Structures are given as structure tokens and as C-alpha cells.
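Here is a walk through one model, feature by feature. Keep the structure open beside you and click along as you read.

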Amino acid sequence: MPELPGLKPGGIAARARAGIAPAGPQASYLSGLNPEQREAVETLEGPLLVLAGAGTGKTRVLTARVAHILASGRAFPSQILVVTFTNKAAREMKDRIQGMVGDQIEGMPWLGTFHSIGVRILRRHHELVGLKSGFTILDTDDQIRLLKQLLAAENIDEKRWPARLLASTIDGWKNRGLSPKDVPPGEGAVFANGKGGMLYAAYQARLKALNAVDFGDLLLEGIRLFRENPDVLAEYHRRFKYLLVDEYQDTNVAQYLWLRLLAQGSKNVCCVGDDDQSIYGWRGAEVDNILRFESDFPGAKVIRLERNYRSTGHILASAAHLIAHNEGRLGKTLFSEGDEGERVSVTGAWDSGEEARAVGEEIEALQRAGHRLSEIAILVRASFQMREFEDRFVTLGMPYRVIGGPRFYERAEIRDALAYLRCVNSTADDLAFERIVNVPKRGIGDATMKQIHDVARAAGVPLQEAARVLTESEELKPKVRGTLRGLIQAFERWREQARIMSHTEIAEIVLDESGYTEMWQKDRSAEAAGRLENLKELVRSMEPFESLPGFLEHISLVMDVDNGAGEDAVQVMTLHSAKGLEFDTVFLPGWEEGLFPHQRALDDQGKAGLEEERRLAYVGITRARASARIWFASNRRIHGMWNSTVPSRFLDELPDAHVQVEESRGGMGWGGSSYGGGGSYGQSRFDRAEPFAASSYSTPGWQRAQTSRARTEAGGGSGGGRGGFSERGGRYDAGAAARRGPMVIEGTLVASSSASSSAFKRGERVFHIKFGYGEITGIDGNKLTVQFDKAGEKRVLETFVEKA
DNA sequence: CTTCCTTAGTTTTTT
DNA sequence: ACTAAGGAAG
């Protein structure tokens, strides 16, 4: 841990007196900033909130601000605290600051994630929070294993009260800055009939006994440290002259408390964020933190960055109009001085297969037109949506890259390998030992483990030591005793070797001699080769580190690895992982009720959930520089069952004037032949044989025909009339429904969810192409609830059924 | 202790 | 429909 250079308070003043002037107007880092950005950079004193809309140059402001602080001689590099959320953001920030200030970046140890800075502080003062030096940081697997033991000890049925649930409950408390004694009794009682609070306390006690902390503790213990040791806090107050926080809308309560304690010193705290891009409420982020900034930090100044440099006019206007449906915003209006560009397109597809096919074709066309694939992204709401696109790309031979998904260090083989290394590194790492004691299979199962545990508890020693003692007794069966002794001796041997060999050599020896590599070599499953490759990659990734402990510390905090980007491929990822990125062309598939907004968000969080989903939609659209292409499918398979779906309400919330509704290109136009001529894409024969051929449904023209027919039959409406935004979720009201036209944008009908009155009656028998025959049990606008004979009750658009 | 079968749960993700 | 994880049987 590099110590800080000695601080000489007089130093800065002296420097200033010596004539190192505040940056002049020519300073290179100021050039090209717009007036608001420049104000945000130059407002150094007092609390400042920079509300930076999507694409308004947020990172630029943060980095220029650091450069400005340094150039004006107001602080040493080591006196600036810069906090980000992710390692990726920290890395990016570091690179960009380096680009502006060069080597001075080396003197900035306090640039990092909340957690990495949290560890750094705890390591320096470990004794004050009851930790020994070299404490370990648990990963989620360790956490679960520990909690399972606690549940077993309390005789709590793990079926009814899963350890995972307890883990996330405790995590939630920690996110809110609650230590065991602070948990409201009522809340603590929710888990396991009143034992939740007690289990939390027991968990914390176990962590202390293991000399370990979890991620939440990195902040929580920091808060406790500061509160209980004013002198320590005062030291940091003196140290941090300027504090900068990125993505402030994502902070949770614990992070806010931690930050507020530190900011009480210099008060020069600058938070940058965008309330409209808060999409992590479900993991504890408090939008309230940013909404309340001005009252939390008295005298705070707020600067809005609203000039967008990323997207064209239509895209920006669409996003702005959509997000305006949210209440409880600080309110920003993005504008751009660029072209209007191309309208946001909305296209319907018959099903998710056609959606993937059509998007694939559009991407091929873009490719032919000279667009780079890496400038094209597909942003989905849920990861299961990715598969269909992947399948399609594989068939097309289209290069693609999935971003996100299981990260490198979370893979089982990597965690196993790391557990071996942790055991070599420390005899006291019980959780690591438990993980690998029987991997590969050695015949050391629950029974033997229980014996080891008993000895360990009785003697108050770690498991490895207990195992060693056991092998010297007569307690174990000879065979087990032999293997266990072999393992223990191997660990001792590796530890010896670790003193003289490099950590990469040791890693190879351990993986080889433990039989772990061999286990995967013998494995005939498809993933085995990849896993072996990952193990090699792991050893490679150790090279830049000085020592084994250094490496282990790093990976406990940095769970991602720089996966070599580079090659030209379509980027496929979730909307969440797209935050902060931008592309020329963005495809946004799956805009259907239930999927987006996701039903669970609505069920669990109600209006707040809906607003967060809407922010997610906003994030999605604003990723696009030149082209945003939204899709919805009328049918989607969820959990293996085909469901008829309804277009997302967010489509209705887009502004007419900036949206272009397009014909699906995947189908063959309408009234035409059967699907793709060959119908070879998973449509059943049945689909093709029907007059309701798949392609026809998806075209706005067909829907317009259907809707106007329905309206005519209901005795109302002028065809193609101008429609307003339809209201959702209301009870069925024939009169109102008849008065409302379907939503029309630029003369083209958008599939609307509750536009016209129904041509159907309750109790009527109907036929659906996918679900077969059924009886109508309910009508809501143009949505029917049908009890199908075979498929059960479904909600379907009336345009997809015919009278039986 | 291992193997096979049943069962439950399938939004988003970082540290 | 699928998978992963946990429990019962061998």
C-alpha cells in the first residue's frame, strides 16, 4: 500500500505565491468546453451538483475539473478523491485524466471505486474496526456458504428460508447503512419467523472470527470507523481537499453516508449524475440522493448540462418526450445543435423469430452500406432475448459479441482455482478450503467435513490445521485419512515453494498437482475445453502482479477482466450494461408489455418500478447517435410457452413527429405469400396454411384494416383519424374506446393497445392461430382475455383471433 | 460418497 | 422449455 507523500500545508500556498497561476483561459483542458461545462469545471468551492444529461460530456467535465484543480495549484494529486462505481469507469477516468495531466496521475491514489477506496481506508485502520491485517474479502459464494452454515446451526429449514434470500436481505440492510443493531425490529423479524436480525448479527460475528469482510462492510465499517474515531475522520478531512463523485444517481444510502462524512471536511464535493438514468434502484441505489442533493449539502450549486453532443434531433426529442412521462425528476431538457437526422423507427414483427431475422437483415444491409459492425448494438431488456439474435447471427455468419453475462472471475473453474491459491496464501481461509477440499472428487464428503469442523471448533483453529490434526489421529478411515493427509501436505509443500518461486509458477504447480487441471482434461463435456482455456488465462492475468497476495486482493475487488474488444462485431447486451456507451445504430427489440416494462418491475415496485423501466427506455434510446430502431413482436415464447403480447406503453409515449412506423421487412409485405416463401424459420405448417399468414399480422397496413373494420362494425370512427395517446390499464369503457382512435403517427397506425371498441362479445367462441379454440372471458379495449381449450387463459389482441 | 431424479425458478448487475 | 441445485437411492 503506497503511503501518501507527506503533506506540507504550506506547500500549496507557497506554490501559489511562487506564481503558479490559476489556469488561464488558454488552458488546454478548457478549450472546447461549452459555457455550462466550463462553469462546472471552474466552480471549485463548495458543494456542486452537475446534472449531466445523456451525452452532454459528463466525463469530460470531471476530468477537466481534476486537471483544473491540479493546474491551479489548489491541491496535490493525492488530495483529490475521485469515486466511481465500476472498475471500468475508474479505469476510463484514470486514462482520460492521464491524457490531460500526464504523470501527475501517478500521485493520485484516491481515484477508484467506492469499494476499492473503502478497502484502502480499512487496511490502514483495520485495528480500529476489529480486523487483523490481511483480512479477506468474501465473494458471494463464500457468503452463501457461510450463511448456509448459520441456518443449519439454527435449525432453520433452508428450503423455506433460502440462504440466498438472507444474503440479499442482509445486503439490502448494508446498502441502507444499517448494522445489526440498526435494523428495525419489524424488518429483522421478516426472515425465518423473527430470526432475521439475529442471523445478521451472527453473520457479522462469524465474519469477524474469520477475519473477513463482505462488500457491504467495505463501506459500512468505514462509516463506523469514521463515526467512532473523529481523529481518523479529521485526518481524512485534512487530506481530501476536493471530492468528485461520478454517477451519483447510483449511490445507495451507505455510500451517501460515507461520502457525507468525508465531505464535511472541505465541503468541496462535486457530484455528477443524471436522475433520468437511475436504473439500479433494485440493487439499492437511491434516486433520492440526487434529488435531495441541495438540502443534503447546504449552499449547493446546481449546474445543468443539457447540450447534447451525441444524438440527432429526432432521437433526442423522442427520448425527451418519453422521459417527460416520469414524475419526480429534477427536470432537464436536452437539446442539440446538430441535424434532425433520421426518425426513431418502430417496427412490429409477428414473433421474436421474425424480429431477430428482420434485425439481422437490416444489419446486413447496414454492413453492405459500409457501416462498421462495432457501431451497431442490440440492447435487450432481459438476457434471454439475446439467444434468438445469437442464433440468427450464427446462421448468417455475422460476427457478434455478447457483452456482460457471467464474468470471468465468477466462473466456477476460476473460483475453484482461486480457492486453491487462497488456501496456499493463508491457512486460515476456511471458506476457500471448504470449496476445494473435494474438488476434484477425493472422497472427502459431508461426513469427513463435519469431523474436521468439530475439531476446528473444539480447538479454535482453522480448518486446515484441524484437518492436519485429524490425519494424525485414528479417527478417520485409512483411505480418507491418506487423501486428506496428501492434500494437507501438498498445501504445506506449495507454501514452501511459494517463497522461492514466482506466483505464476506456483499457480501452475498447484493447479497441476492438485489434479484440478486433470479433472477438466478428463471431462468430456462441451465446456471443458473453454474452462481449461480460462485457467490458462487466469495464470496469464497474474503476471502483472508482484505477488500472490497482491493478486488476490486485486481480484476480490475487480471482478472483471479486460476482454479484448477490437474485432468488428455487432454488440449485443442488456440495456443495463449499455449505460455509458454509445453507438451509431441501436436496435431496441422486445418493446412489449410485460417484457418492457417488465412485469416484475411493475408487480414489485408499482409506479416506481414503471418509472425506472421508463428511464431504462430513455437510456436505451439515448445510446444512439444516428439511428434508433425499436421493435416489438406480437408473440413471444416465455418459459417455453408462446404468449401473445401487446406493444409496450412506451411506444405510445413517443412523440408522433419524431417517429417513423415501418413495415416489417422480415415478412413478405402483406396479403402476400406465405412466410418467406419457404416458411422455414420455425413456423408451423399450420401457420402457413392459414389465411392469417404470419407476415400479414405485423404490417401496420393490415392492422389498420382490422382496426377500421372493427370500428366500422362498432358503428363509430372515421378511418385513419388522428389518435391521441391511449390510456392504459383502465377498465373497459365502450364509449371512450369508440371516441379514441388508434394511435396514428404520420398517417401510419401504430399498433395500439386499447384503441378501438371490440368486435367481440364475452362468451363468444374464437380461434387463435397459436392457441387454438377458446372462449372469451373478458374484453379490455382491443385486448381479449380468452380461456383457450388447450393453452389455458391468455390475453391476446383481438386482431389475432377470429370468430370460431 | 456418488449418481440420478425431482423440483423450483427463471429481470436487470457491481463490488 | 430449460437449467441448476438439492434430495433420495444405490
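How many aromatic pairs does the count come to? This is a predicted model, and the count in it comes to 21 aromatic pairs.

## Aromatic rings

Take F393 and Y400 as one example: their rings make a tilted pair, with 5.8 Å from centre to centre and 40° between the planes. The two partners sit in rather unlike surroundings. F393 is buried because its relative accessibility is 1%, below the 20% cut-off. Y400 has a relative accessible area of 26%, so it falls in the partly exposed class.

Elsewhere, Y420, F491, W494, Y516 and W520 come together as one aromatic cluster. Rings also show up under charges. R123 places its charged end over the ring of F135, at 4.1 Å from the ring centre. R283 does likewise with the ring of W282, with 5.9 Å to the centre.

## DNA strand B

Which residues come nearest to DNA strand B? They are R381, S383, R407, G445 and T574, out of 30 residues around the strand. Of the strand B atoms that come within 4 Å of the protein, sugar and phosphate make up 61%. By residue class, the surface near the strand splits into 8 nonpolar, 14 polar and 8 charged.

Some individual contacts are worth a look. The side chain of R381 has an N or O atom 2.2 Å from a base oxygen of DNA strand B. T574 goes for the backbone of the DNA instead: an N or O atom in its side chain is 2.6 Å from a phosphate oxygen of DNA strand B. With D446, a polar backbone atom is what lies 3.5 Å from a phosphate oxygen of the strand.

In terms of secondary structure, α20 (446-459), α27 (575-578) and α28 (599-622) each give at least two residues to the surface near DNA strand B. The largest share, 3 residues, is from α20.

## DNA strand C

And what surrounds DNA strand C? The residues are K148, H639 and G640. Here sugar and phosphate account for 44% of the strand C atoms that come within 4 Å of the protein. K148 has a polar side-chain atom 2.9 Å from a phosphate oxygen of DNA strand C.

## What the UniProt record marks

An unreviewed UniProt entry lists residues 31-312 as "domain: UvrD-like helicase ATP-binding". In the model, that stretch is 49% helix and 11% strand, and its end C-alpha atoms are 23 Å apart.

The unreviewed entry also lists a "binding site" made up of A52, G53, A54, G55, T56, G57, K58 and T59. Look at T56 in particular: it is placed in the loop between β1 (48-52) and α3 (58-71). Is T56 buried or exposed? It counts as buried, because its relative accessibility is 1% and the limit is 20%.

## Two more side chains to click on

K579 is in the loop between α27 and β13 (583-588). Its relative accessibility of 14% is why it counts as buried. The side chain of K579 makes a polar contact of 3.5 Å with the side chain of E247.

Q489 belongs to helix α22 (residues 478-500). It is partly exposed because its relative accessible area is 44%. The C-alpha atom of Q489 is 8.5 Å from that of R468, and the two residues are 21 apart along the chain.

## Backbone oddities

There are cis peptide bonds to find. One joins V439 and P440, with omega about 0°, and P440 is in the loop between α19 (430-436) and α20. Another joins F596 and P597, with omega about 10°, and P597 is in the loop between β13 and α28.

Then come two asparagines with positive phi. N193 has phi near 50° and lies in the loop between α8 (185-188) and α9 (196-209). N211 has a phi of about 55° and is found in the loop between α9 and β5 (212-213). Accessibility sets them apart: N193 counts as exposed because its value is 62%, whereas N211 counts as buried because its relative accessible area is 12%.

How values were computed. Residues numbered from 1 in each chain as written. Chains lettered and ligands numbered in written order. Predicted model: local features only at pLDDT ≥ 70, side-chain atom pairs only at ≥ 80, totals over all residues. Heavy atoms only, no water. Phe/Tyr/Trp six-rings, centres within 6.5 Å; stacked < 30°, edge-to-face > 60°. Buried < 20%, exposed > 50% of the residue type's maximum accessible area, 1.4 Å probe, protein only. Lys NZ or Arg CZ within 6 Å of the ring centre and 35° of its normal. Near = heavy atom within 4 Å. Polar contact = N/O pair within 3.5 Å; in protein donor to acceptor, adjacent residues only side chain to side chain. UniProt positions renumbered as here; feature names shortened; annotations may be inferred. Helix = DSSP H or I, 4+ residues; strand = E, 2+ residues; numbered from the N terminus. Nonpolar A, V, L, I, M, F, W, Y, C, P; charged D, E, K, R; others polar.
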